[in-house]
Amino acid sequence: MSKFRSTKGSRAALEDRVDTAQVKSRRRTKPKVPQVKEEESAELSSYHFFSDATELRLFRSHLLSWYDQSKRELPWRTLAVTEKDVNIRTYGVWVSEVMLQQTQVATVVEYYNKWMKRWPSVQKLAEASLEEVNQMWAGLGYYSRGRRLHEGAKKVVTELGGEMPRSAEALLKQLPGVGRYTAGAIGSIALGQVTGAVDGNVIRVLCRVRAIGADSTSPPVTEALWKIADTLVDPERPGDFNQALMELGATVCTPKTPLCAQCPVQTHCHAYKKVSLKQEKDTKRLLSKLDSKLNSAVPDIENCLIDGCNLCLSEGWDGELGVQNYPRKPVKKAPRVERTLTCVLQRQSDQGNVEYLLTQRPSKGLLAGMWELPSMLLEEGISERKHRSLLSAEVQRILGTSADEESFQYLGEVVHIFSHIHQTYVVYSASVRVPAEAEREPKTCWLTDSALQEAAVSTGVKKIMKLYYENTNKLNDSKNKKRKQSSEPGKDKQAKQSRKQRESAPNGGPKQLYLSHFFTSSKPGGR
C-alpha cells in the first residue's frame, strides 16, 4: 500500500520543484538493482512478461483510469500532491511508507496525522528524543521502524545538510531501513522518478496477471517481478501508476475472494483467462455428453512454452482456488513459543499516589528501548512453585530491597503474538515499600497511572495492565461489599435471628409453598 503524487500535465511543474538539471538527469533514471542476466532473459518465456507495446499502453491506460475514479483519499497522498517543498514531500512520503510496512492503511492514518503534526519536517524529527518517538509509535507494532526513521532523520540533518536524498539509488544507500521497495516508492511518488515499486500487493497482482506460480520469494521470481514492474511503470505518471497497482491489490485483487468482475485489467490477466477457459471447457464437455452432435471444441489455454520454466506453477492447478493459484508462497515457519514471568510492582509515593515500576529494554533487539514491567524469560522445566522466588530475586536485583515471596499474587496469563514469537506472559502483582530517594537500577522508573498511559510501552504491556486493573477492580468490589455489610450491624443482626429461627423450626423451617396450597376443598363433616 502506498501513497500518491500526480505527475499529470507538463513536466515543467515538477522541474520547478527540484533543481532543473537534477530533474532532467534523473526523471528517467532507473534504480541500480540486480537485473536478470541476458542468457537467463533469453530463456524466459514472453508469456510471463509484457512484450507487446499495444498491450502495455492499454494496461497503463485501463489501470490509471480506474485509479483516478476509485482511489482512496489518504493524507500522505494529499501531501504528495500539494506540498511544493521537495524536502518535506520526500520526508512525508518516507514516513508513510515506513508506517505502512506490515500495517493496514486504516490503522496508519491516525498515527500518520499525529506524527506529521508533531514533526512536520525531517529537522523536527531529528530534534526529538528516541523516548518521544517510541511513545508516538506505541501500539503501531514493529517498533524498530520508528527507531530507524529517527536514526535516518538525524543522519539527514548531521551528514546530508538537512536535505533528503533525491533519487531511489540515494535513498537506498543513505537511509537506514530503506530497502528496494521503499526507495522505489519514494522515488516515484515524491520525486517523479520512473522506477517500479514491488510490495506484497504488487507481487500478487503481477503474479496473477502474468501467471507466475513459482515461489514468490525465490530470487528468479523476485527479479522477474521487478523487471515487469520497471517495464510497466508509466513514464508520465510513475507515482500514480505504482500506487494504482498497490491500490488494485489492496482493494480488488485481494488474497482471498478477489473481485475479478471489477478488475480494470481483467482482459490482460492470464490467471483470469485460465479460469474462464477451464470453466468453458468443463461446460462444453458436460454438454457434449448430453448432446453428441454438439461441437465441443474449445480453444487451447495459452501456456508458457519453456520446459522447466522457473516462473510457472511448480505444483498442479487447483480448480477450487481459481486465480488464487497465484501467487504461491512457501509455508511460514512456526513462531517461536516463549513464556515470560512478569510482575506489576507497585508502591505508595510520598504524595499518596500509586506508582508502578518499569524497566527499559536494551537499545537493540526486540522492542529496543521500550519500557516494560519487570520480566524474565522462563526456561523450560521451571515449576510454578519457583515463580515467586524468581520474582523476589529480580526485585532485589533491581531495587536493592527484598520482597516477601508470599506477597506476589498470581493474576493470570496474557498471550501476545509477535511476527515470529508466540509470547505468553505469566502475570503476578506485588506491593513494596521503597522510598523515593532509594537507589535503583539506572534504567528504571516509577510511573503513576496517568503517566503510564502516556509512556512508550508496547501493546503487550497494555494487555498486562488491563488484566491487572480487572483483578484490582474485582478485589475492590469485594472489599466494598464487605465494608457495606459491616456498616449496617442492625440488618446483619436481623438476618442472623431470621436464620436462627429457620434452623430451629421443624423440618428446617418454612418452605416455599405450591400455589395449590392456598385453595381449600370442602370436605364432608364427621370424617
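# A guided tour, starting at Trp66

Select Trp66, which lies in helix H4. Keep in mind that this is a predicted model. Trp66 is buried, because its relative accessible area is 13%, under the 20% cut-off. Now show what Trp66 touches. Leaving out residues up to four places away in sequence, the list is Ala244, Glu247, Leu248, Thr251, Val252, Gln262 and Pro264. Pause on Pro264. In sequence, Trp66 and Pro264 are 198 residues apart. In space, their C-alpha atoms are 6.3 Å apart.

**Stop 2: H4 against H15**

Widen the selection to helix H4, residues 53–70, and helix H15, residues 238–251. The two pack with their axes 9 Å apart, at an angle of about 70°. H4 and H15 are therefore roughly perpendicular to each other.

Which residues make the contact? On H4, select Phe59, Arg60, Leu63, Leu64, Trp66, Tyr67 and Ser70. On H15, select Asp240, Phe241, Gln243, Ala244, Leu245, Glu247, Leu248 and Thr251. Colour them by class: 9 are nonpolar, 3 polar and 3 charged.

**Stop 3: H12 against H15**

Keep H15 on screen. Add helix H12, residues 180–191. Here the axes are 7 Å apart, and the packing angle is about 130°. That angle makes H12 oblique to H15.

From H12, the contact uses Tyr181, Gly184, Ser188 and Ile189. From H15, it uses Pro238, Gly239, Asn242, Gln243 and Met246. How many of these residues are nonpolar, polar and charged? The contact of H12 with H15 has 4 nonpolar, 5 polar and no charged residues. Gln243 deserves a second look: it takes part in the contact with H4 and in the contact with H12.

**Stop 4: Glu355**

Move to strand S2, residues 354–360, and pick Glu355. Is Glu355 buried or exposed? Glu355 counts as buried, because its relative accessibility is 11%. Next, show side chains. The Glu355 side chain makes a polar contact with the side chain of Arg347, at 2.9 Å. Then select what else is in contact with Glu355, setting aside neighbours within four places in sequence. Besides Arg347, there are Leu345, Gln346, Ser349, Trp446, Leu447 and Thr448.

**Stop 5: three places in loops**

Go to the loop between helix H16 (270–290) and strand S1 (336–348), where Pro327 is found. Zoom in on the peptide bond that joins Tyr326 and Pro327. This bond is cis, with omega about -10°.

Next, find Gln102, in the loop between helix H6 (86–100) and helix H7 (105–118). Gln102 is not a glycine, yet its phi is positive, about 65°. Gln102 is exposed, because its relative accessible area is 64%.

Now select Ala211, in the loop between helix H13 (200–209) and helix H14 (219–232). Ala211 has a positive phi too, near 50°, and is also a residue other than glycine. Turn on the surface here. Whereas Gln102 is exposed, Ala211 counts as buried, at 3% relative accessibility.

**Last stop: the whole chain**

Zoom out. The chain has 20 helices and 7 strands. Of its 527 residues, 45% are buried. The accessible surface comes to about 29400 Å², and 50% of that belongs to carbon and sulfur atoms. What share of the contacts between residues at least 6 apart in sequence joins residues at least 24 apart? The share is 72%.

Key
Residues numbered from 1 in each chain as written. Predicted model: local features only at pLDDT ≥ 70, side-chain atom pairs only at ≥ 80, totals over all residues. Heavy atoms only, no water. Axes fitted to C-alpha atoms, helices over the stretch in contact; angles between N-to-C directions. Helix = DSSP H or I, 4+ residues; strand = E, 2+ residues; numbered from the N terminus. Parallel < 35°, antiparallel > 145°, perpendicular 65-115°, else oblique. Contact = heavy atoms within 4.5 Å. Nonpolar A, V, L, I, M, F, W, Y, C, P; charged D, E, K, R; others polar. Buried < 20%, exposed > 50% of the residue type's maximum accessible area, 1.4 Å probe, protein only. Polar contact = N/O pair within 3.5 Å; in protein donor to acceptor, adjacent residues only side chain to side chain. Areas by Shrake-Rupley, 256 points an atom, 1.4 Å probe, with all protein chains shown as cover.
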